[in-house]
Amino acid sequence: MTVSPHADTRPAEQPGGDYDVVIIGAGISGIGAAYRLAEADPSTRYVILERRDRIGGTWDLFRYPGVRSDSSIFSLSWPWAPWKGREYVADGDQIRDYMEDAAREHGIHPHIRFHTTVTSADWDSNTDTWTVNATDGSTGTSASYRGRFVFFGSGYYNYDDPYTPEFPGIGDFKGTVVHAQHWPDDLDYTGKRVVVIGSGATAVSLVPALARTAAHVTMLQRSPGYLFSMPRVAPWMQPIRKLLPNKVSYSIVRTISLAFEKVVWVFARGLPTGMKKLVRWQNTKLLPAGYPVERDFKPRYNPWDQRLC
């Protein structure tokens, strides 16, 4: 394993203390911020406060079947930690393992305080410092972390109480009701009839995975969404990655991926009618002859008025 030149591999300190930066959350943002801070100035003292028991954030929280990146992994991954897999779209557990490996390789892991729930962040104008109060979920003890800056890498999800619409009569339903954010590890849907409410990125990931073993899966949607098929492993990418060193090939593939996604967005917003025709053409090509594409794949809105899945 190669350790970054600026890596700080000192063992974890006791809870609390004084730092230059207090980072909240050991997900994509928090780990990325830690690397950039140390890259800019290796003497920067920082700590990462993470309420869960391991790295990952969203990619550790979401455990539903089929969870994966909903865009190119080459645009999601960090430029300083090249993605080494073959996938263009990666599974959630692969992404979490990638984050774990990157944090250990670059000396970030010792700076993380796990099982640490932030309860408040208070600014003191007299000392120009923040005091972040936190509780250790394992012991129940409290600690204070003081820093000149606080970086919130905690995302926008409510991990404990995710949004759940009100469905009149849901209490009378005799089956199992599951929220994707709190998917039970022991849920057995083999041979069951399943309804997935919604048609966003979660549903697009979840439905194909459920369909492998469920008796029947229905996606219940207010309006059809725009679905565009991309290969899980892009054929054009493989020669580049085989012939060139990993860092060089990653840079090329990442640039192409970002450019492609930008072109798709510009095309969709500038020529929505053309984008509709392109998506509808692919839908028709991939679905069985005679499938009612106009019924199930004709949204009431233009491409990228809502996101393209």
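Which residue in β5 does W123 stand opposite? The partner of W123 is W130 in β5, and the rest of the sheet can be built up around that pair. The structure is a predicted model, in which local features need pLDDT of at least 70 and side-chain atom pairs count only at pLDDT 80 or more, while totals for chains, interfaces and linings use all residues. Residues are numbered from 1 along each chain as its sequence is written, and side-chain values use heavy atoms, with hydrogens and water left out.

First, the overall picture. The chain has nine helices and eight strands; these are DSSP runs numbered from the N terminus, with H or I over at least four residues for helices and E over at least two for strands. Its C-alpha atoms fit a box of roughly 70 × 60 × 35 Å along the principal axes. Of the 309 residues, 39% are buried (buried is under 20% relative accessible area, exposed is over 50%, and partly exposed is in between, using a 1.4 Å probe and protein chains only). Taking contacts (heavy atoms within 4.5 Å) between residues at least 6 apart in sequence, 62% join residues at least 24 apart.

Now the sheet. Strands of a sheet pair through backbone hydrogen bonds, either parallel or antiparallel. Here six strands form an open sheet with mixed pairing, in the order β3-β2-β1-β6-β5-β4; two strands count as paired if DSSP finds at least two bridges between them. β3 (112-113) and β4 (116-124) are the edge strands, each pairing on one side only. At the β3 edge, β2 (residues 46-49) runs parallel to β3 and is joined to it by two bridges, with L49 opposite R113. Helix α1 (residues 28-40) packs on the sheet and touches β1 (17-24), β2, β3 and β6 (142-152), its direction making about 175° with that of β2. Such angles run from 0 to 180 degrees between N-to-C directions, and axes are lines fitted to C-alpha atoms, for helices over the stretch in contact.

At the β4 edge, β4 and β5 (residues 129-136) run antiparallel and share eight bridges. Their hairpin has four residues between the strands, and D128 there takes a positive phi near 55°. β5 also pairs with β6, again antiparallel, over six bridges, and T135 has S142 as its bridge partner. The hairpin of β5 and β6 has five residues between the strands, and G140 takes a positive phi near 80°.

Elsewhere, two helices meet. The axes of α7 and α8 come within 5 Å and cross at roughly 115°. V264, F267, A268, R269 and G270 of α7 make the contact with P272, G274, M275 and L278 of α8.

Finally, what about open space? The second largest pocket holds about 1,400 Å³, a volume being the space filled by probe spheres set on grid points joined across faces, edges and corners. A pocket is an open set of points on a 1 Å grid over the protein atoms alone, where a 1.4 Å probe fits, with protein on both sides within 12 Å along at least five of seven lines; lining residues have an atom within 4 Å of a point. This pocket is lined by 44 residues, and V204, L227, F228, S229 and C309 are the closest to its centre. Helix α7 gives the most to the lining, with six residues.
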